[in-house]
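This report introduces one protein chain to a reader who has not met it before. It begins with a pocket, then turns to a cavity, a single histidine and the confidence of the model.

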Amino acid sequence: MMKPGILKSPDTSLGERFQVLFVISSPDIAVLSQKYLELSDLLSVTISHNGQEALAFVQKRSYDVILSDYDLDDMDAITLHINLERIGQKKPFLLFSIPDRDRDILIDYAQDPQKHVDSEHDVYIIFNEQIQKIVQSVELFRARNRLELYARHLEELVEERTKQLQIAERFAIIGELATMIGHDMRNPLQVITNMQYLLEMKISKMHPDDASVLVKHGIPEIFNRIRTEVLYLNKIVSDLQDYARDIHPEVSIVNPILVMDEILKNISIPDKIQVIKRIESDFLISGDPFLLTRVLENLINNAIQAMEKGGILTLKISRVKENVCIMISDTGVGIPPESLSKIFEPLYTTKPKGTGLGLAVTKRLVEAHGGTITLVNTSSEGTTFEVTLPAS
C-alpha cells in the first residue's frame, strides 16, 4: 500500500513556517511528533515536556499556536490554557486529541519503527490531520485579528467623521451668529465711536479751567479706555465674520515691509519690548493688503502679549525659491505642550481674554492667498511663527 504524503506548503518560497509549541509528557511521542510535523515544511516545532516549562517558553519566545496533550506530568491542558491567558498569551490553543488506538499506534511505532513498519501509513494520516488542524487554527486566528483591526479602524473612521460633522454643524451655527452679530453690533459700535469723537472735540474746545476739571477726574483716560474696548469689539466681530464667510482676496502687488512698518506705527509696543527687523531685500507679494495686514497684526499682537515682562520681537523677511517667508519671533513664555495640537482650532484659547479665533482666522486668511502658516518652534524661551506667501 502506498503511504500518503505529508501536507506541503503551497508556496515554500515564502519561507514562513508556523511556530508550534507542542506540550507533551511522553518522550517517545514527542520525538516522533516533531519529526513528522516538520516534514510538511509548514511547521517548526518546539517540544515542552510539562506545563511549567511551556509557561516559561512562551515568555521567552513567540509561538503561532500551542498544541498540548491533555494529561501532562504537572497539570492538565485546561489548567495550562488558563495560566497562559493569565500571562497574556492569547494564542490558538489546540488539544492533541487522538483516539486511544491511534495513541497506541504512535507509541509502538516510536519505540520500534522497523517492527511496526505496517503502521507507518496510519502515522502519516494521524499527523496530516494534526497539521491541517494547526494550519487552519493559525489562519483562522490571523483572519479574526485582521477583522478586529478592520472593525476598530471602521469605528475610528465613523467616530472621526461624526466629529467632523459635529464641527461642521457647529461652524454653520457660528456663521449664522457671526452674520447676525456683525449686523447688529456694527451700528451701535459706530455710534459709540462717533459720540466719543464728538465729546473729545467738545473737550478740546472747552475753557482750560473747565477742561482741567475733567482731566482731574480722569475723563480723558476713560475715553481712551472706551476707544480700546470698541476696537477690541470691532476685532471680535471682524474675526467672526472672517472665519464664517468665504474669503476672496482682492489681489494686488503688496510690499510686506511697508505693511509691517505701518502696523508697528499704529500698534502700542511697550517700552520694555525691543523690536528687531531683519530684511534681506525688498520683496513684493501678490495679495490683499487689508487681509495681509490682519495676518501680520494678529501675529505681532500675539507675540507682544506673550512678553508681559518684556523681551525681543524679531521680524524677518526673506525669499525662499518662489515664496516670501515672514517670520515673527518672540522671547515670551511659549505655548503649553498640551495646546500645540489645538492652536489653529477656532474658539480655542489659553488667554483669559480672547475669543480663540485669532490664529484660526489668520490661518484662513493665509491659505486664501495660497500660502501657509507654521509654528516653527516654541519653548519657555519664546515662539516663532512662519508665514509663507507666493512672491509677486
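## The second largest pocket

In this predicted model, the second largest pocket encloses about 220 Å³ of space. Two helices, helix 5 (120-204) and helix 7 (219-244), each give at least two residues to the lining of this pocket, and the largest share, 7 residues, belongs to helix 5.

The residues that line the second largest pocket are Arg 186, Leu 189, Gln 190, Thr 193, Gln 196, Tyr 197, Glu 200, Arg 227, Val 230, Leu 231 and Asn 234. Sorted by class, this lining is mixed, with 4 nonpolar, 4 polar and 3 charged residues.

## The cavity

Rolling a probe the size of a water molecule over the atoms reveals where empty space remains. The structure contains 1 cavity of 30 Å³ or more, and the space in the largest cavity comes to about 40 Å³.

Around the largest cavity stand Val 254, Pro 256, Val 259, Ile 285, Leu 292, Val 295, Leu 296, Ile 326, Val 387 and Leu 389, a lining with 10 nonpolar residues and no polar or charged ones. At least two lining residues come from each of helix 8 (256-266), helix 9 (289-305) and strand 11 (382-390), with helix 9 providing the largest share, 3 residues.

## The surroundings of His 369

His 369 sits in the loop that runs between helix 10 (358-368) and strand 10 (372-379). Its relative accessibility is 9%, and because buried means under 20%, His 369 is classed as buried.

The side chain of His 369 comes to 2.8 Å from the backbone oxygen of Leu 365. When neighbours within four places in sequence are set aside, His 369 is in contact with Pro 249, Ser 286, Gly 287, Asp 288, Leu 291, Leu 292, Leu 389 and Pro 390. Leu 292 and Leu 389, which are among these contacts, also belong to the lining of the largest cavity.

## Confidence in the model

Across the chain the pLDDT averages 86, and 92% of the residues score at least 70. Confidence is highest in helix 2 (residues 51-58), at 95, and lowest in helix 7, at a mean of 80. Over residues 9-14 the pLDDT lies below 50, and this stretch has 5 contacts in the model beyond near neighbours in sequence. Helix 7, with its mean of 80, is also one of the helices that supply the lining of the second largest pocket.

Conventions
Residues numbered from 1 in each chain as written. Heavy atoms only, no water. Helix = DSSP H or I, 4+ residues; strand = E, 2+ residues; numbered from the N terminus. Buried < 20%, exposed > 50% of the residue type's maximum accessible area, 1.4 Å probe, protein only. Polar contact = N/O pair within 3.5 Å; in protein donor to acceptor, adjacent residues only side chain to side chain. Contact = heavy atoms within 4.5 Å. 1 Å grid on protein atoms, 1.4 Å probe; cavity = no way out; pocket = protein on both sides within 12 Å on 5 of 7 lines; lining within 4 Å. Points joined across faces, edges and corners; volume = space filled by probe spheres on them. Nonpolar A, V, L, I, M, F, W, Y, C, P; charged D, E, K, R; others polar. pLDDT = per-residue confidence, 0-100.
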